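User: Could you take a close look at a single helix in this model and at what surrounds it? I would like one connected account.

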Amino acid sequence: DEWGQVIIINMLTRYARTQFVDPNAHEKLLDEERKRKKKPAKLSESTSNSSQEDEEEEEEDDDDDFQLNQEEKCVLDADHRLLLRQTKPLLQSRNASVVMAVAQLYHHIAPKADVLIVAKALVRLLRNHKEIQSVVLTSIASMSQDQRNLFDVYIKSFFVRTNDPTHIKLLKVQILTNLTTETNISIILREFQTYIKSNDREFVMATIQAIGRCATTISQVTEVCLTGLVHMLSSKTEFVVAESVVVIKKLLQSHCAKHREIIVQMARLLDHITVAAARAAIIWLIGEYNEYVKNIAPDVLRKIAETFTAEENSVKLQILTMSVKLYATNPEQTRLLTKYIFELARYDQNYDVRDRARFLKALVGVDGEGNVLSRNLQKIFLSRKPAPVLENGAHEGATALQLGSLSAYLKLKATGYRDLPDFPTVAQDSSVRNVQSKIEIVVSGERSLLATDEDGNSRGSGKGKSRDFYSEESSEDDDEEEKNDSDEWTEDDETSSEETSTSSSESSSESEEEEQENGQDHVEEKVQENVKKVSNTSNPSNLDLLSDLDNSLFSAPQGGLPMKPMGLLLPAAVSAAGKNAVLPPFFTSTEHLELLSKINGFGLGIVYRFTRFNHLTSATHLSVEIVLKNHNTVQEINNIHVDAKSFSNDVIQAFPGISQLPSNATFTETLGVDFNDSTQPISFAIVSSLGRSNVSLGAPVGELIQPIKITEDVFRVERNKLRGMTEHSCSITTSTEGKRIKEKILRLANVAPVESSEEKVLQFAGQTLKSKSLLLITVLLRDGQEVQVTVNCEKIVMGSILLNDIKSRGL
C-alpha cells in the first residue's frame, strides 16, 4: 500500500547513503574552487566600475570548471541507477506522501541533473489541501536554496493568492526570493509591489524583506530596489515605513554609496515613527554615517535626548552608541549632550542601559580623564564593518535535514530525529546486494514449512520427500497427497465416531491424549496443504477460495460454546467476531420503511427493513432487505439495478439486476451498505427501464451495532476504562417494569443483555459494526418512576446519539 511505499523509500534513502558514493561530489568541488578564487567583496560607492573585471573572471572560472568537471565527474553504480529508475513512476502516485518520499530520495541521493523530474510532481501537489501545501512548499523552499534553476519554469505557480493563509504566503515569498535571477527579477518585483498593498501585516513585512534580499542578490537592481524602498517611507502605514527603514539600513551597509539624501529623509521620520526597531535603525545610521550629515546629526542627538526616558531599551542603547560616535568626530558640539545622556542612563530602570552607560563613560572620558582608548574612539566605533547578510527565512543547516520530516518542517532537529548518514568515499562491494533465488517460508519459530536444503531442494514437513519447490512434478504429487490425506481424514472421522459410540470412558480419554500429542502435526499438515493449493491454482474464483476453507477453522473451541453464525455466510461472521464472541440479534424488526415512493419511481415502489445481520460478501456491510413492487397495472418494468457510478467504491454491495418485474408483482432482494459507523445517509440511484430515481438510505445508530457476549466482570472492567468523554448519562421518567425496559432497549439497539448480580441494574453490551468499538449500556432502576441510563462507547458521537435516541423514544 501507499504507506508501506513511504516507509520503504525512506529506508532505501538511508541505505543508499551508506552504499553509494556522492553523485554530486564533483559539483561540490567546483563550488569550493569558485569560493577559493572569489575575491572578497569591496565596500565601494558603486558596483558598475568592476562589472567588466567580474565578467572576465567568470569566463576564466568557467574554463577551469569545465576541466575540473570532466576530470572529477563520477559514474553511477548500476544498483544506484536502478533505485532511481524504479522509484520514478511513483511520482505519479495519488498519495502526496509517496510523491514527497520520492522527491526527498532524489534530492538526497540523485545527481542534480536528475532532480529536475521531481519539480513537476511537487508543483502538482500544490493543488491539494492547505496542510499538504505547507509541507510541500517548505520542501520546495529548501530545495530551491540548493538549485535555483529547479523551479524556474513553474515560477508563476508560487504567486500568492488572495485566499492563501499567512504561512503559505510567507513560504511562497521565500521561494520567489530564492528563484530570482537576472531574467525574472522584473516579474518578481512587480509581483512584490502588489503584495505590499495587502492588509496582512506579517505578509507585507516579509515582502519588504524579500525586496531587500533581491537587492543584495542581484546587483543590477540594487538601485531600483533602494529607490522603491525609499518611496515606501512616505506610506501612511506605520509598519510599512518601519520595515522599510530596517531594510534600507542593511542595504546602505552593503552598498555604502553617498546616499546623503536618504539618510536625511530617514532622520526626519524620527518625529513620526514609533516602532522601536525602526527608530533604532535610523539612530544607528545617523551615528555610523554622521560624516555625511554633519549639520543635522547634533540636532538629532538633541531631540532624542529629550525623549530618552520614554524610549524602548533597544533605542536607548543605540542613543548611547550614537552619542559616543558623535563625540568622537565632533566633541565641541556634543560634549554636554553626551554627559547629559550618560547621566540619564545612570538612573535608568534597566540594568543593561545602566551598565552600558557606565562602560562607555569610562571609555570615552567625558570629564576630561583621557586615556589610550579615548584617543582611539574613531578606530573603535567608526571602523568599517562587514555588510550584514539578509536572512532568507531558513535556519542555518536546515537544508541538510531530511526533506518531508518534522525536523525539516520546523527547521530544527526534533526529538528522535536521526541525521542522514554521509556518503562513503569508496563505494561498497555490490556483491552484498545480491539476493538468493529461493526464499525460506517460515510458519513458526520452531519449524519451517518449506525449508531449503544445502542442495537447493525443498523438503516437505509431513512426508519428508525431497523435490524442487518450483517444479511441475511437485504440484502433481501434491494433488495426489491431498486426495490421500482427505481420504485418510474421512476414514479417521468415521472410525472415531464409531469408537466413541461403543467404547468406554477410558478409551475416549486415551484418544484425547493422542489427539493432543499429534495436534501440532495435523495443523502443520493442513497449513501445508492450503499453501500448496494456493500456489498450484491459477486465478481462482471466489467460490473456489470458499470451497478450500477448512471447516475445522470455524468449529467451536474445545470445552467452549459453539459460535453462532451472524450472517448468511459463516466465515464472514466469524471473521467479524474479533476478540469478543458475536451473538445473533435478540430482536429483528418486521416493520418496513419507504425508500422510494411509487410516484418518484415511475410506478416502482421500494420499501426496506434492517435485518441486523452482516451482508453475504462483507462483515462490515449491514444487510438491508428491500422489497420492490411494480404498482403499474399494465406496464412491466425491466432492467432494475443500482447505478454503480452513483456512489463511491465499496460503500454499497448492490443486488443483481432484475431483468423483468411484471405489473403488480413483488420481488425481494438484499442490499449491503457500509455506513462506516455513521448515521449520515448514503445516496445512490435506482435505474430501470422507466427512468432514474435518486434515493437516500440512513440507519439509526442502534442498527450499526453488533451484540457480543461478555461476562459481568469484563463488563465492569471495560466500563471503568470508558469514563470521561466516552461516558454519557441521563435520567428518564418511566412507569415501565424492568422486563419491558429490557425489551425496549433491545428494540432500540442491536445489543446483547449481560447477566447482572444486582436486581435493579440492567446491562447490555455490543460493538460497532465497522470499527469494532465497544459500546456498553447500563440502566439503573431507581425508586419511583425514574431510571438512569448510561452509555459508554469509544465512539463519542455514537454514544451521545444513542443516548439521545433512547431519551427521545422513552422507556
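Analyst: What follows looks at helix α27, from its extent to its two faces and its surroundings. The model is a predicted one, and in it α27 runs over residues 796–809, a helix of 14 residues. From its first C-alpha to its last, α27 reaches 20 Å, which is close to the 20 Å expected at 1.5 Å a residue. Just after the helix comes Gly810, which takes a positive phi of about 80°.

The buried residues of α27 are Met798, Gly799, Leu802, Leu803, Asp805 and Ile806, a set that holds Asp805 alongside residues such as Leu802 and Ile806. Seen down the axis of α27, these buried residues fall within an arc of 155°, and they therefore line one face of the helix. As a general point, an α-helix has 3.6 residues a turn, so residues three or four places apart point the same way. Turned away from the buried side of α27 is a face that carries Val797 and Ser808, both of them exposed.

As for what lies over the buried side, the elements covering the buried residues of α27 include the strands β15 (705–709), β16 (727–733), β18 (761–768), β19 (774–781) and β20 (786–793), together with the helix α26 (738–748). Taken together, the picture is of a helix whose buried residues line one face, with cover that includes both strands and a helix, while exposed Val797 and Ser808 sit on the face turned away.

How values were computed: Residues numbered from 1 in each chain as written. Predicted model: local features only at pLDDT ≥ 70, side-chain atom pairs only at ≥ 80, totals over all residues. Heavy atoms only, no water. Helix = DSSP H or I, 4+ residues; strand = E, 2+ residues; numbered from the N terminus. Expected span 1.5 Å × (residues − 1). Buried < 20%, exposed > 50% of the residue type's maximum accessible area, 1.4 Å probe, protein only. Arc of directions from axis to C-beta. Contact = heavy atoms within 4.5 Å.
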